[in-house]
Amino acid sequence: MAHVMELPNIVIIGRGLIDKVVEVALTASGGQPILIVTGKTSYSMYGRSVSEAMSEKASIEVHQVEADASQEVEVIRKILSKNKFGAIVGIGGGKVIDISKASAHEAGIRLVSVPTVASHDGIASPMVSMVDSGQPYSRMASMPFAVVADVEVIEKAPHRYLASGCGDLVAKYTAVKDWKLSHKITGEYFGDYSASLAYMSAEIIFRNARKIGKRKEDSIRTVVEALISAGVAMGIAGSSRPCSGSEHLISHALGRLMEDPPLHGERCGVATVLMALLHRAAWRRVKSALSSIGAPSDLSGLGVDEQTFVKAVTMAPEIRPDRYTILHKIRPTESDVRRMIREAELS
Ligand SMILES: [Zn+2]
């Protein structure tokens, strides 16, 4: 079977990039109308300025996301059927980017991803997670044609989002270990290059944790670059494998068990501490990086009670039985998990 790698054509990271967003959108659309998909906050922070600048050079329509993801995809499908759009420009957080990505993929048109927060690695990945459409985990869509990350807007978002992005990045530490383990035990394909790239994006966060915690110069850019690298690692692997292992299964399980769960990356970060312990790897390094960054590094910081967390860990392997991880190998019981929680100083 042929191995297909999808990469973004254009990646721009910098400050004051409104003109660049317009320029890239015009290239992506090939002169046809452009649909801007944005959220309420992201519209007032950035989307409005972008659409004003873009409307001078192209025919545009702006859609503000209000409902849940599957309903929104339905609404956008109708908008796209009425006019011949050349591209979608998604301006916003995780949900907006996911909806835009799913819609562009379905319509077979290009997506320009314009993240306004650095909270997870979907900004430059070919994966979509549509939690409310009955999909238990992320599925394959297309890689964005372009990613334009304006640090000037990303740095205005509350620190919690950036910290969550770091949680999603330290998760690559155990995700890669899980992938290697599966390769050894099940014979699953293992891509050394994409695994190294994903691993590196976790390593960068470990090394820069203090600077990120203090929001020192360039640290926001470092996180954004690492998130894009992680997304590219998925594009090279052709799946989310290098970036999503047992820690992501726990995060997904928490998402199912809780009505109002913490952010994706926050859940992933704490789960990574526990999974690093299970792998007999450097869990303290993960934990101390999270706490230096100002991300949750234990259960109370995460706002999850022990019983719920224990349940999430034990049900995690069933979330995705086909994705072999350390949890599928060891299958810890509830009392094992409680013991691990003590050992990893999570409560
Ligand atoms: Zn993730």
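Here is a chat about a predicted model, covering its domains, its sheet and some of its helix contacts.

Q: Hi! Which domains does the assignment give for this chain?
A: Hello! The model is a predicted one, and the domain assignment splits the chain into domain 1 (10-154) and domain 2 (159-343).

Q: How many Å separate the centres of the two domains?
A: Taken over C-alpha atoms, the centres of domain 1 and domain 2 are 26 Å apart.

Q: And how many residues are in contact across them?
A: On the domain 1 side there are 21 residues, and these are in contact with 26 residues of domain 2. The elements of domain 1 that give two or more residues to that side are β1 (10-14), β8 (146-150) and α5 (151-154).

Q: What classes of residue does that side of domain 1 have?
A: The side of domain 1 that touches domain 2 has 16 nonpolar residues, 4 polar and 1 charged.

Q: Let's switch to the sheet. What order do the strands come in?
A: There are 6 strands in an open sheet, ordered β1-β8-β5-β4-β2-β3, and the pairing is parallel. From one strand to the next, the twist averages 15°.

Q: Remind me, what do strands of a sheet pair through?
A: Backbone hydrogen bonds, with the pairing either parallel or antiparallel.

Q: Back to ours, then: which strands stand at the edges?
A: Those are β1 and β3 (60-64). Each has a single partner strand, so one side of each is left without a neighbour in the sheet.

Q: I'm curious about β4. Is it mostly covered or mostly open?
A: Mostly covered: strand β4 (residues 87-92) has 6 of its 6 residues buried.

Q: Which residues point which way from β4?
A: Ala-87, Val-89 and Ile-91 point one way, while Ile-88, Gly-90 and Gly-92 point the other way, and all are buried.

Q: How many bridges join β4 to β5, and how many join β2 to β4?
A: For β4 and strand β5 (residues 110-115) it is 6 bridges, running parallel, with Gly-90 standing opposite Ser-113 in β5. For strand β2 (residues 34-38) and β4 it is 5 bridges, also parallel, and Thr-38 stands opposite Ile-91 in β4.

Q: What about β2 to β3?
A: Those two run parallel and are joined by 5 bridges. Ile-36 stands opposite Val-62 in β3.

Q: Which strands does helix α9 lie across?
A: Helix α9 (residues 219-237) lies across β1 and β8, and runs at about 165° to β1.

Q: Now helix pairs. How do the axes of α6 and α8 cross?
A: The axes of helix α6 (residues 159-170) and helix α8 (residues 192-213) come within 8 Å and cross at roughly 145°. The crossing is left-handed.

Q: Which residues meet there?
A: From α6 you have Cys-166, Leu-169 and Val-170, and they meet Ser-201, Ala-202, Ile-205 and Ile-212 in α8. By class, that contact has 6 nonpolar residues, 1 polar and no charged.

Q: And α10 with α14: at what angle do they pack?
A: Helix α10 (residues 246-257) and helix α14 (residues 306-319) pack at about 115°, with their axes 7 Å apart. The α10 and α14 crossing is right-handed.

Q: What residues meet in that one?
A: On the α10 side they include Leu-249, Ile-250 and His-252, and on the α14 side they include Lys-311, Val-313 and Met-315. The contact of α10 with α14 divides into 11 nonpolar, 3 polar and 1 charged.

Definitions and conventions. Residues numbered from 1 in each chain as written. Predicted model: local features only at pLDDT ≥ 70, side-chain atom pairs only at ≥ 80, totals over all residues. Domains from an automatic or database assignment. Contact = placed C-beta atoms within 7 Å. Helix = DSSP H or I, 4+ residues; strand = E, 2+ residues; numbered from the N terminus. Nonpolar A, V, L, I, M, F, W, Y, C, P; charged D, E, K, R; others polar. Axes fitted to C-alpha atoms, helices over the stretch in contact; angles between N-to-C directions. Left-handed = near helix turned anticlockwise from the far one by under 90°. Buried ≥ 20, exposed ≤ 12 C-beta atoms within 10 Å, placed from the backbone. Pairing = 2+ DSSP bridges.
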